[in-house]
Amino acid sequence: MIKGSCLCGEVKYEYGAEISELAVCHCGQCKKAQGTPFATNAPIDLAKMKWLSGEENFKSYSSSENKRRVFCANCGSPLFSQRTDMPETIRLRVGTITEGKIPEPSYQIYCESVSSWFVLDKNRPRYMQNKAVQRTPADSDSTLS
Ligand SMILES: [Zn+2]
Ligand SMILES: [Zn+2]
């Protein structure tokens, strides 16, 4: 069982099957839609998806004639995309999954537009939580108005 939710928590879902395929998409539309250098999308069977709450928050944008991208109108979390020519398969944004197994990415698509600046370097510092904010003397002297 896969469970997930949007950032504000109003949209909640359960998926009654395993995720068998995961695509890393480097296309220009996904980058803008997610605000990230790539998207992680799993094609899943809409019939096995159960929206537990928040369906009234669904807002969609048709980024191309045959594809809409659905997000939570309250918090903006990208949820899935859906093509008009095969609406029974939706592509779930797996970053919204909170429980259950996500497989390793199966393949990458639209590598022609890969973000060359994005390099995960294992030798650079890794923090288990957020990096401490380093305040400069000028910051601590100023008062926010
Ligand atoms: Zn939300
Ligand atoms: Zn894409």
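**Strands, sheets and cores**

Modeller: In the hairpin of β1 and β2, six residues lie between the strands, and Gly9 takes a positive phi near 90°. This is a predicted model.

Colleague: What makes β1 and β2 a pair?

Modeller: Bridges. Pairing needs at least two of them between two strands. Four join β1 to β2. Therefore the two strands count as paired, with four bridges against a required two. They run antiparallel. One example is Lys3, which stands opposite Glu14 in β2.

Colleague: How do you know that strand β1 (residues 2–5) also pairs with β10?

Modeller: By the count of bridges again. β1 and β10 share two bridges, in the antiparallel sense. The requirement is at least two, so this pair qualifies. Lys3 has a place here as well: opposite Glu99 in β10.

Colleague: Which sheet holds these strands, and in what order?

Modeller: An open sheet of four strands, ordered β5-β2-β1-β10, with antiparallel pairing.

Colleague: Why are β5 (49–53) and β10 (97–99) called edge strands?

Modeller: Each of them pairs on one side only. As for the twist, neighbouring strands of this sheet are turned by 30° against each other on average, direction ignored.

Colleague: What is the order of the seven strands in the other open sheet?

Modeller: The order is β6-β7-β8-β9-β4-β3-β11. The pairing is mixed. In general, strands of a sheet pair through backbone hydrogen bonds, either parallel or antiparallel.

Colleague: Which strands are at the edges of this sheet?

Modeller: β6 and β11 (107–109), each pairing on one side only. The twist from one strand to the next averages 30°.

Colleague: What makes the pairing mixed?

Modeller: Look at two pairs. Strand β3 (residues 23–25) and β11 pair in the parallel sense over three bridges. There, Cys25 stands opposite Ile109 in β11. Strands β6 (residues 58–64) and β7 (residues 67–72), in contrast, run antiparallel and are joined by six bridges. Ser60 has Val70 in β7 as its bridge partner. β6 and β7 also form a hairpin, with two residues between them.

Colleague: Why is Ala73 called partly exposed?

Modeller: Count its neighbours. Ala73 has 17 C-beta neighbours inside 10 Å. Buried starts at 20 or more, and exposed ends at 12 or fewer. A count of 17 falls in between, so Ala73 is partly exposed.

Colleague: Where is Ala73, and which residues does it contact?

Modeller: Ala73 is in the loop between β7 and β8 (78–83). Leaving aside neighbours within four places in sequence, Ala73 is in contact with Asn57 and Lys59. What about Arg91? The C-alpha atoms of Ala73 and Arg91 are separated by 18 Å, and the two residues are 18 apart along the chain.

Colleague: What is noteworthy about the phi of Tyr110?

Modeller: Tyr110 has a positive phi of about 55°, although it is not a glycine. Most residues other than glycine have a negative phi. Tyr110 is found in the loop between β11 and α2 (137–141).

Colleague: Is Tyr110 buried, partly exposed or exposed, and why?

Modeller: Partly exposed, because 17 other C-beta atoms lie within 10 Å of Tyr110. A buried residue would need 20 or more.

Colleague: Which residues touch the most other members of the largest nonpolar core?

Modeller: Val11, Ile44, Cys72, Leu79, Phe80 and Leu92, out of 15 residues in that core. β2 (12–15), β4 (39–45), β7, β8 and β9 (89–93) each supply at least two residues. β7 gives the largest share, three residues.

Colleague: Which residues does Val11 touch?

Modeller: Not counting residues up to four places away in sequence, Val11 touches Ser5, Cys6, Ser53, Gly54, Asn57, Cys72 and Leu79. A second, separate core has five residues, including Ala23, Cys30, Phe38 and Ala39.

Colleague: How many helices and strands does the whole chain have?

Modeller: Two helices and eleven strands. Along the sequence the pattern is β-β-β-α-β-β-β-β-β-β-β-β-α. The C-alpha trace spans about 55 × 35 × 30 Å along its principal axes.

Colleague: What share of the residues is buried?

Modeller: Of the 145 residues in the chain, 21% are buried.

Colleague: What share of the contacts joins residues at least 24 apart?

Modeller: 61%, among contacts between residues at least 6 apart in sequence.

Definitions and conventions
Residues are numbered from 1 along each chain as its sequence is written. Chains are lettered from A and ligands numbered from 1 in the order in which they are written. This is a predicted model: local features need pLDDT of at least 70, side-chain atom pairs count only at pLDDT 80 or more; totals for chains, interfaces and linings use all residues. Two residues are in contact if their C-beta atoms, placed from the backbone, lie within 7 Å. A nonpolar core is a set of buried Ala, Val, Leu, Ile, Met, Phe, Trp, Tyr and Cys residues joined through C-beta atoms within 7 Å. Axes are lines fitted to C-alpha atoms, for helices over the stretch in contact, and angles run from 0 to 180 degrees between N-to-C directions.
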